Amino acid sequence: MALILAVEDDLKIRELITLTLTDHLIVESPTGEDALRLVQKVRPNLIILDMKLDHGISGVEVCRQFAAYAPLAGIPILAVSGLSSPQEISEFLHAGATSFMAKPFSPNELIERVDKLIELEVISIARILAAAGEIDLVNGVKGALVAGNTFKIIRALKQAINEIEQELK
C-alpha cells in the first residue's frame, strides 16, 4: 500500500482513480493550489497529476513546483492529460513528470503504471542505501518486495535515509 496524491479537477476521474487503486491510500486534490498545500502535510509515495487543470495554477506549473520542492525529491509524478502530442508530452516531462499516461486510460493501465512507478521508487531508495554501504537494509528490501510490502518498505527506507543523513552531519 502506498500513499498517493491524486491532483485532478474532474471529479469523475478522481473517483475512478480512488475506486481503481483500492490497494492504496488516495488523497484527492481538485486544484493545483490545494495540492501545493497538501504536500506540506502529506508525504505521498506517488503523485498523479492532471497536467491541464482548468482552474487556478496549471498542472505543468504544479509539476515544476513539486519537482523543485526538496522534500518531494525522488517522488514519482505520473502526468495524465487528454493532450498527448509529442510536444505536450515533452513539456510535461521537462516540467518534472516521471511518466505520462494519456486520458482516457483503463483501470488496468492505471494499476500497472502505478505499481511500476512505486516499484521504481523502492529500487531508487535501495540504490541510495547500497551506495551508503547499508547492505543489510538492501537485503531486507529485496525480501519485503517479494512479500509485497511496498508501502512499509518505502516508509522504513526513507526513515533509514534520514538517519544516515543525520549521522553524516
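A residue is called buried when its relative accessible area is under 20%, exposed when that area is over 50%, and partly exposed in between (1.4 Å probe, protein chains only). The model is predicted, so local features need pLDDT of at least 70 and side-chain atom pairs count only at pLDDT 80 or more, while totals for chains, interfaces and linings use all residues. Residues are numbered from 1 along each chain as its sequence is written, and side-chain values use heavy atoms, leaving out hydrogens and water.

Helix α2 (residues 32–41) is a good place to start. Its buried residues are Gly32, Ala35, Leu36, Leu38 and Val39. Viewed down the axis of α2, these buried residues lie within an arc of 165°, so they line one face of the helix; the arc is taken from the directions from the helix axis to the C-beta atoms. Arg37, Gln40 and Lys41 are exposed on the face turned away from that buried side. The buried residues of α2 pack against β1, β2 and α3 (59–68).

Two of these partners are strands: β1 (residues 3–7) and β2 (residues 25–29) run parallel and are joined by five bridges. Strands pair if DSSP finds at least two bridges between them. Leu3 has Leu25 as its bridge partner in β2. Together with helix α1 (residues 11–20), β1 and β2 make a right-handed β-α-β unit.

Helix α1 also holds Thr20, which is buried, with a relative accessible area of 13%. The Thr20 side chain reaches the backbone oxygen of Leu16 at 2.6 Å. Beyond its neighbours within four places in sequence, Thr20 is in contact (heavy atoms within 4.5 Å) with Pro107, Leu110 and Ile111.

How values were computed. Helix = DSSP H or I, 4+ residues; strand = E, 2+ residues; numbered from the N terminus. Right-handed = clockwise from strand over helix to strand, strands pointing away. Polar contact = N/O pair within 3.5 Å; in protein donor to acceptor, adjacent residues only side chain to side chain.
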